[in-house]
Each structure stands twice: as structure tokens, then as C-alpha cells.
Amino acid sequence: MTMVFMIFPKELLSLFNADEEILSIGINALRIMSLSFVSASVTIILGYGLSGIGNGVINMVSAFIRQLIIPLVLIYITGKLFGLSYVWYSFLVSEIVAMVYALVSSLSYKFVAKTHRLACGIKVTFLT
């Protein structure tokens, strides 16, 4: 998806009958925001993986970082200091910060191996 948004932003925006003013703003915005797709996917996969083994806190905190805390602060600051053209970088920075948090948190998470015996007698080990 990142490559599609990088290569065809004008075509994607034209699906919504965008006029020239929207195109001039949107092409740059789509290209910048598409760079965040890779780090967002890492954050989401790590968060849901850890939620699946019983630690939903990392997922919740990374979601707050990437969708609320960092973007709001950076959008306000970049909007005031640099204008609309630089606001789009706020999303990229927030995704990178959330990804670093998710990576560090998942690497420091203490996994515990639990072995269970199924009814048929087979032993199964799970990481939790």
C-alpha cells in the first residue's frame, strides 16, 4: 500500500473529485503519511500479538501514543511553527515513536512457558 500511495497519489485523490487546491495539498500529504504504514503495521502486529497472550497494556499504550498523544501535540506545534505542509510529518513521527515503544516493550516482556496436558494425553506448551 505504501508504494501505491507514493506512486499514485493524484489518481487516488481524483477518485474523490478533488479540485486543484485539494490535489496540491493532498498529494504531498498522502506521500508523507504513506511512509508511516510500515511502522504502523509493526506496532499493530506486536500489539495484537501481545494482547493475544494476555498483555493488552502494550497494545493500549501504543494505540494512545500513535493516535492521540503524539499526533495532537505535534500537529499543534508543527501547525503553529511551520504551517500545513509540515503537519503531515506528525503522523509519521507518532507512528515511529509508537513502533519503538512496542518493540522495546515486547522485547522486555517476560514470556512464561506453560505446559498443559490435553485430554488425549498430548503435552502442549504455550508462551504467555
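Okay, so a salt bridge here means a side-chain nitrogen of Lys or Arg within 4 Å of a carboxyl oxygen of Asp or Glu. Keep that in mind, and keep in mind that what we're looking at is a predicted model.

With that rule, how many salt bridges does a search of the whole structure find? Just 1. Glu-95 pairs with Arg-66, and their closest N and O atoms sit 2.9 Å apart. The pair ties together distant parts of the chain: Glu-95 belongs to helix α7 and Arg-66 to helix α5, with their positions 29 residues apart. And are the two partners buried or exposed? Both Glu-95 and Arg-66 are buried.

Next up, helix α4, residues 36-52. Quick sanity check on its geometry: at 1.5 Å a residue, its 17 residues should span 24 Å, and the end C-alpha atoms are 24 Å apart, so that agrees.

Now, which residues of α4 are buried? That would be Ser-36, Ser-39, Ala-40, Thr-43, Gly-47 and Leu-50. If you look down the axis of α4, those buried residues fall within an arc of 110°, which means they line one face of the helix. As for what covers them, the list includes α3 (20-34), α5 (56-81) and α7 (89-108). So α5 and α7 turn up again, the helices that hold Arg-66 and Glu-95. Over on the other side of α4, you've got Val-38, Ile-45, Tyr-48 and Gly-52, which are exposed. One backbone detail before we leave: after α4 comes Gly-54, and its phi is positive, near 105°.

Last topic, the aromatics. A pair of aromatic rings is described by the distance of the centres and the angle of the planes. The count for this model comes to 4 aromatic pairs. One of them is Phe-82 with Tyr-86, a tilted pair at 5.8 Å centre to centre and 55° between the planes. Trp-88 and Phe-91 make a stacked pair, because their planes are at 20°, with the ring centres 6.3 Å apart; the cut-off for stacked is under 30 degrees.

What about accessibility for these four? Phe-82 counts as exposed, because its relative accessibility is 53%, and Tyr-86 is partly exposed at 45%. Trp-88 comes in at 19%, so it counts as buried, since the cut-off is under 20%. Phe-91, at 25%, is partly exposed.

And which residues form the aromatic cluster? Phe-82, Tyr-86 and Tyr-89. Okay, that's me done, over to you.

Technical notes: Residues are numbered from 1 along each chain as its sequence is written. This is a predicted model: local features need pLDDT of at least 70, side-chain atom pairs count only at pLDDT 80 or more; totals for chains, interfaces and linings use all residues. Side-chain values use heavy atoms; hydrogens and water are left out. Rings of Phe, Tyr and Trp (its six-membered ring) pair if their centres lie within 6.5 Å; planes under 30 degrees apart count as stacked, over 60 as edge-to-face and the rest as tilted. Buried means under 20% relative accessible area, exposed over 50%, partly exposed in between (1.4 Å probe, protein chains only). Helices (H or I, at least four residues) and strands (E, at least two) are DSSP runs, numbered from the N terminus. The expected span of a helix is 1.5 Å times one less than its number of residues. The arc is that of the directions from the helix axis to the C-beta atoms. Contact means heavy atoms within 4.5 Å.
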